[in-house]
Amino acid sequence: QTGTLQRFMQPTGGGTHNALIQAIWTPNLCLMERRRTKQSLHDTRFGLYERTVTFEGPDVHSTSKPIRGTVLGNRIKHLCNEMVCHVSEVTGAESRKARSRGGSRSRNAATQALAAP
């Protein structure tokens, strides 16, 4: 199953544009993309939508920005894995998968159970 987990946070470090990193996670791959709005959050000549829209709107309102280095990418992968484990634990997906295979519970079993269509 798919879904969106998102929360608005004010830009840090004096940033004036809304930016969002999207991670598409599977047990074998994590694709990431960063988008940044073209309009400043504080430029009231433009509507709120144009100042905040990233992935959920047309590309004309934002630009794709590279994710440089490995620190941020590794942190995002770690957070994705933690979310998968948490969802697996609270939904019981991990124990159902282990019982059906007759094996022990493992992080890999949890991620496979959640990634299955």
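Trainee: Is Glu-33 buried, partly exposed or exposed?

Mentor: Glu-33 is partly exposed, with a relative accessible area of 28%. Keep in mind that this is a predicted model.

Trainee: Which residue does Glu-33 form a salt bridge with?

Mentor: Let's take the general idea before the case. Side chains of opposite charge can pair when their charged atoms come close. Here the partner of Glu-33 is Arg-35, and their closest N and O atoms are 3.2 Å apart. Arg-35 counts as buried, at 7% relative accessibility.

Trainee: What other side chain meets Arg-35 in a salt bridge?

Mentor: That is Asp-59, with an N to O distance of 3.7 Å. This pair links distant parts of the chain, 24 residues apart: Arg-35 belongs to strand β2 (residues 29-37), while Asp-59 sits in the loop between α1 (48-52) and β3 (62-65). Asp-59 counts as exposed, at 54% relative accessibility. Put together, Glu-33, Arg-35 and Asp-59 are linked in a network of salt bridges.

Trainee: How many salt bridges does the count come to?

Mentor: Three salt bridges. You have met two pairs already, so let me add Arg-45 with Asp-43, whose closest N and O atoms are 2.7 Å apart. Look at the accessibility of each partner: Arg-45 counts as exposed at 70%, whereas Asp-43 is buried at 16%.

Trainee: Now for a charged residue without a partner. Which side chain of opposite charge is nearest to Arg-51, and how far away is it?

Mentor: A good way to read such a case is to check the distance against the cut-off. A salt bridge needs the nitrogen and the carboxyl oxygen within 4 Å. For Arg-51, the nearest side chain of opposite charge is Asp-43, 6.9 Å away, so Arg-51 has no salt bridge although it is buried.

Trainee: Where does Arg-51 lie, and which residues is it in contact with, leaving aside neighbours within four places in sequence?

Mentor: Arg-51 lies in helix α1. With those neighbours left aside, its contacts include Asn-18, Thr-37, Gln-39, Ser-40 and Leu-41. Asp-43, Thr-44 and Phe-46 are also among them.

Trainee: Let's turn to nonpolar side chains. Which residues make the nonpolar surface patch of about 310 Å²?

Mentor: When you read a patch, look at who makes it and then at where each member sits. Leu-5, Leu-79 and Met-83 make this one. Leu-5 is found in the segment before β1 (19-26), and at 72% relative accessibility Leu-5 counts as exposed.

Methods:
Residues numbered from 1 in each chain as written. Predicted model: local features only at pLDDT ≥ 70, side-chain atom pairs only at ≥ 80, totals over all residues. Heavy atoms only, no water. Buried < 20%, exposed > 50% of the residue type's maximum accessible area, 1.4 Å probe, protein only. Helix = DSSP H or I, 4+ residues; strand = E, 2+ residues; numbered from the N terminus. Patch = residues over 30% accessible without salt bridge, like charges linked within 9 Å, V, L, I, M, F, W, Y side chains within 5 Å. Areas by Shrake-Rupley, 256 points an atom, 1.4 Å probe, with all protein chains shown as cover. Lys, Arg positive; Asp, Glu negative; His and termini not counted. Contact = heavy atoms within 4.5 Å.
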